[in-house]
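User: Please take one part of this chain and look at it closely. I am a first-year student, so keep the sentences short and explain each term.

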Amino acid sequence: MRASSVVLLPHAPSSVAVARKRLSSELVASGVYESIVDDASVIVSELISNALRHARPLPSGQVKVCWLRRGDLLELEVSDGGAMTEPRRGPGTLSSLGGRGLGIVEALSEGWGVRHEEGATTVWAVLRAPRTTGSNGSTAPRGAHAGVPDQTDLPDTGEEPDSHLFTRTRYGAASSRAYPG
């Protein structure tokens, strides 16, 4: 099963809740485990919050939120108008008021990174999103959260228009993998 959405939202704090609600309802409807839906919702919240806090809106005045699910992989993306600094994981000390967002994304996902395109910066994260066997939305089995992906697990998506979500490139712009410094 393949499920995807692209949502343009105002560059405003209210967009976090809107994106979370839509993502959650679509993933639950497609049979994703509740614990994975929760992880995906936290990741999207962190990525949107970072875009709102640190970056300009897209030229349209919005942020773009995308998700794509093919098989057991889910990729989440948030695109904004870019910032003066590169998105990177901060130290996130116990006493700091912020700086934990990308650390949370890193902990919940199998990988994340940043892609720069003309007029936009996209931060993406990939996680495994297996479907439940029933429709009761039961929780995932132990260990169903983040792990390191094997590149051979990624589907061959060369013919599909939104294949950039898994190849980490779009319109010829190469991606960069973000790691703590």
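Analyst: **Around the nonpolar core**

Ile48 touches Ser15, Val16, Ala19, Val65 and Val78, leaving out residues up to four places away in sequence. Touching, or contact, means heavy atoms within 4.5 Å. The model is predicted, so local features need pLDDT of at least 70 and side-chain atom pairs need pLDDT 80 or more, while totals for chains, interfaces and linings use all residues. Residues are numbered from 1 along each chain as its sequence is written, and side-chain values use heavy atoms, without hydrogens or water.

Ile48 belongs to the largest nonpolar core, which has 31 residues. Ile48, Val65, Leu74 and Leu76 have the most contacts inside that core. Such a core is a set of buried Ala, Val, Leu, Ile, Met, Phe, Trp, Tyr and Cys residues joined through side-chain atoms within 4.5 Å. Buried means under 20% relative accessible area, exposed means over 50%, and partly exposed lies in between (1.4 Å probe, protein chains only). In soluble globular proteins, nonpolar side chains tend to be buried together.

Which elements build this core? Among those that each supply at least two residues are strand E1 (2-10), helix H1 (14-29), helix H2 (34-54), strand E2 (62-70) and strand E3 (73-80). H2 gives the most, with nine residues. Helices (H or I, at least four residues) and strands (E, at least two) are DSSP runs, numbered from the N terminus.

Now take two residues of strand E1. Ser5 lies in this strand. Its relative accessibility is 7%, so Ser5 counts as buried. Ser5 touches Arg22, Glu26, Val65, Cys66 and Trp67, again leaving out residues up to four places away. The side chains of Ser5 and Glu26 are joined by a polar contact of 2.6 Å. A polar contact is a pair of N or O atoms within 3.5 Å; within protein, one must be able to donate a hydrogen and the other to accept it, and residues adjacent in sequence count only if both atoms are side-chain atoms.

Leu8 is also in E1. Leu8 is partly exposed, because its relative accessible area is 46%. Beyond its neighbours within four places in sequence, Leu8 is in contact with Gln62, Val63 and Lys64. From Leu8 to Cys66 is 58 residues in sequence and 8.8 Å in space, C-alpha to C-alpha.

Step back to the chain. It has four helices and six strands. Of its 181 residues, 44% count as buried. Among contacts with a separation of 6 or more, 72% link residues 24 or more positions apart.
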